[in-house]
Amino acid sequence: MTEVDHPSPTAADTGRRALVLDSAMLTFARYGYRKTSMEEVARAARISRPGLYFLFSSKETLFRAAVGQALDRDITAVEDVLADPGRPLRDRLTDAFDQWAGRYVGPLTSDVEAVIDDNPGLLGEIIETPRRRFEELITDAIAAESGRQAAPPLAQTMISTSIGLKHQVTSREVYLERLKVAIDLLLR
């Protein structure tokens, strides 16, 4: 089934939908995809179950939309951070990685990323497109200052380092501290 088409939404409808998707993401993170019911999401979003089904025809549709919204927000934040030429590249890269990955480090927030990583079959391009876009943004930011040839391996190494750090550290602060060291070393 696909999401139901409706007339163009008002700002209030769009805001309500975003709140429902935020509630859904937190509920999926708490219980996992399989154990989450539409009833639990409706309760968390303070909406009736029929109202939830009016917005989203199935749990899969809801899950895909919730993950898509979260990743779109992350990519938009990364684009904004990297677009500020008045800040040093090191600072922009650190903030970009913080927006993309650092927010998901720690005992409460790591569940959001886990529910995404645990369900690749449901997500497909919803997850892969933003990941490719993130790598492209990091590569372009490095290329603007370090040259085209050096940019792809530097970007890929930074991304690999970020992934490793996320699994080694228990707090966002430690993640950022170690990431700054890695970025400084790589940009020398």
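This passage describes the fold, helix packing, core and two loop residues of a predicted model.

The chain holds 10 helices and zero strands. Read from the N terminus, its elements therefore follow the order α-α-α-α-α-α-α-α-α-α. The C-alpha trace spans about 55 × 35 × 25 Å along its principal axes. Of the 188 residues, 43% count as buried. Among contacts with a separation of 6 or more, 66% link residues that lie 24 or more positions apart.The largest nonpolar core contains 57 residues. Within this core, Leu-62, Leu-93, Phe-97, Ile-138 and Tyr-175 touch the most other members. Helix H4 (residues 59-82) supplies the largest share of the core, with 11 residues. For Leu-62, when neighbours within four places in sequence are left aside, the contacts are Leu-21, Ala-24, Phe-28, Met-38, Val-41, Leu-52 and Phe-56.

Two helix pairs that involve H5 were examined. In the pair of H4 and H5, the axes are 9 Å apart and the packing angle is about 175 degrees. An angle over 145 degrees counts as roughly antiparallel, and H4 and H5 are therefore roughly antiparallel to each other. On the H4 side, the contact is made by Leu-71, Asp-74, Ile-75, Ala-77, Val-78, Val-81 and Leu-82. On the H5 side, Arg-92, Leu-93, Asp-95, Ala-96, Gln-99 and Trp-100 take part. By class, the residues of this contact comprise nine nonpolar, one polar and three charged.

The second pair joins helix H5 (residues 89-100) to helix H10 (residues 172-186), with axes that come within 10 Å and cross at roughly 140 degrees. At that angle H5 is oblique to H10. The crossing of the two helices is right-handed. Arg-90, Leu-93, Thr-94, Phe-97 and Asp-98 of H5 meet Arg-172, Tyr-175, Leu-176, Leu-179, Lys-180, Ile-183 and Asp-184 of H10. The residues of the contact of H5 with H10 are six nonpolar, one polar and five charged. Leu-93 is listed in the contact of H5 with H4 and in the contact of H5 with H10, and is one of the core residues that touch the most other members.

Gly-102 is placed in the loop between H5 and helix H6 (110-117). With a relative accessibility of 0%, Gly-102 counts as buried. Not counting residues up to four places away in sequence, Gly-102 touches Phe-97, Arg-172 and Tyr-175. Phe-97, Arg-172 and Tyr-175 also appear in the contact of H5 with H10. Gly-102 and Val-181 are separated by 79 residues in sequence, and their C-alpha atoms are 15 Å apart in space.

A further loop residue, Arg-46, lies between helix H2 (38-45) and helix H3 (49-55). Most residues other than glycine have a negative phi. Arg-46, although not a glycine, has a positive phi of about 55 degrees. Its relative accessibility is 76%, so Arg-46 counts as exposed.

Definitions and conventions
Residues are numbered from 1 along each chain as its sequence is written. This is a predicted model: local features need pLDDT of at least 70, side-chain atom pairs count only at pLDDT 80 or more; totals for chains, interfaces and linings use all residues. Side-chain values use heavy atoms; hydrogens and water are left out. Axes are lines fitted to C-alpha atoms, for helices over the stretch in contact, and angles run from 0 to 180 degrees between N-to-C directions. Helices (H or I, at least four residues) and strands (E, at least two) are DSSP runs, numbered from the N terminus. Angles under 35 degrees count as roughly parallel, over 145 as roughly antiparallel, 65 to 115 as roughly perpendicular and the rest as oblique. A crossing is left-handed if the near helix is turned anticlockwise from the far one by less than a right angle, and right-handed if clockwise. Contact means heavy atoms within 4.5 Å. Ala, Val, Leu, Ile, Met, Phe, Trp, Tyr, Cys and Pro count as nonpolar, Asp, Glu, Lys and Arg as charged, and the others, Gly among them, as polar. Buried means under 20% relative accessible area, exposed over 50%, partly exposed in between (1.4 Å probe, protein chains only). A nonpolar core is a set of buried Ala, Val, Leu, Ile, Met, Phe, Trp, Tyr and Cys residues joined through side-chain atoms within 4.5 Å.
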